[in-house]
Amino acid sequence: MAAGIINKDTLGFLADLKQNNNRDWFNTHKDRYTAAHENLIAFADALLAEMNKHDTIETASGKKSLYRIYKDVRFAKEKTPYNNHWSGSFKRATKKLRGGYYFRLEPGNSFLAGGFFGPETDDIKRIRQDIDLNYPTWRDMLADKTLIQTFGGMIGEQLSSAPRGYAKDHPAVDLLRHKQFLFKRPFTDAEVCSPDFLENANDVFRKMRPFFNYMSEVLTTDANGVSVIE
């Protein structure tokens with residue numbers, strides 16, 4: 001199979017694992033796991049190479065981007081030992097280029113996502129200050145035709161009310177409440193296993209760039225446009 005194409009059994013293995021999530025079954029089918037994992041590494045390597053043509057990624061390799069299939073069940077209510085999905089992430093490089101990309105492949109629940117999953121306290125404060133001062137700019141940015149057509153809009157966890165220091169009737173309270181700033185694009189199983197998925201995944205991530213570019217400016221300059229990074 002050509003490099004960068006997801007094999008159908010890479011998803012098929014997960015579907016069977018979901019029905020047999022135990023160590024005996026996994027060890028008996030370790031050859032399928034190994035083949036699927038190698039296929040995923042090849043895809044991640046190919047995607048990383050394409051993304052580095054239009055962005056600068058800190059993640060060293062496709063293999064380094066991947067999360068383990070083995071679960072840490074010490075504090076989990078659900079004690080099955082393996083994840084029923086493949087996933088990985090790419091981090092943008094340098095203090096200037098902020099944000100990250102994420103992919104998750106799971107039968108019936110595959111998606112690409114990106115943005116800011118857990119901003120640090122200082123970063124979330126700076127983001128909210130910018131929303132407070134420049135919310136019309138945020139409205140225009142988030143109404144971008146490409147963003148809407150590709151992702152439907154910005155998602156992410158939100159506070160139940162306005163954050164401390166901001167009025168509940170602030171005209172951008174819906175944005176100020178955000179704790180995460182994310183964009184997500186789902187894919188069907190057929191789309192994931194199609195020869196075009198690598199190209200489509202790279203294109204989806206590239207379409208997040210206007211948002212990332214704006215956020216990099218917000219997080220690395222003060223209100224007067226002066227750099228706040230070393």
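1. Strand 1 and strand 2 (residues 100-105) run antiparallel and are joined by six bridges. One pairing to look up in this predicted model is Ser89, whose bridge partner in strand 2 is Tyr102.

2. These strands belong to an open sheet of four strands. The order is 1-2-3-4, and the pairing is antiparallel. Strand 1 (86-91) and strand 4 (181-187) form the edges, each pairing on one side only. On average, neighbouring strands are turned by 15° against each other, direction ignored.

3. What lies across strand 1 and strand 2? Helix 3 does, running at about 25° to strand 1.

4. Helix 3 also packs with helix 1 (residues 8-19). The angle is about 135°, and the axes are 9 Å apart. Helix 1 is therefore oblique to helix 3. The crossing is left-handed. On the helix 1 side, the residues that meet helix 3 are Asp9, Thr10, Gly12, Phe13 and Asp16. Their counterparts in helix 3 are Arg32, Tyr33, Ala36 and Asn39.

5. The largest nonpolar core has 57 residues. Phe13, Ile69, Trp86, Trp138, Phe181, Phe197 and Phe211 touch the most other members. Helix 3 (residues 30-51) supplies the largest share of this core, ten residues. In soluble globular proteins, nonpolar side chains tend to be buried together.

6. Trp86 deserves its own look. Leaving out residues up to four places away in sequence, Trp86 touches Thr10, Phe13, Leu14, Tyr33, Ala36, His37, Leu40, Ile69, Phe103, Arg104 and Leu105. Two of the core residues named above, Phe13 and Ile69, are among them.

Notes
Residues numbered from 1 in each chain as written. Predicted model: local features only at pLDDT ≥ 70, side-chain atom pairs only at ≥ 80, totals over all residues. Heavy atoms only, no water. Core = buried A, V, L, I, M, F, W, Y, C linked by side-chain atoms within 4.5 Å. Buried < 20%, exposed > 50% of the residue type's maximum accessible area, 1.4 Å probe, protein only. Helix = DSSP H or I, 4+ residues; strand = E, 2+ residues; numbered from the N terminus. Contact = heavy atoms within 4.5 Å. Pairing = 2+ DSSP bridges. Axes fitted to C-alpha atoms, helices over the stretch in contact; angles between N-to-C directions. Parallel < 35°, antiparallel > 145°, perpendicular 65-115°, else oblique. Left-handed = near helix turned anticlockwise from the far one by under 90°.
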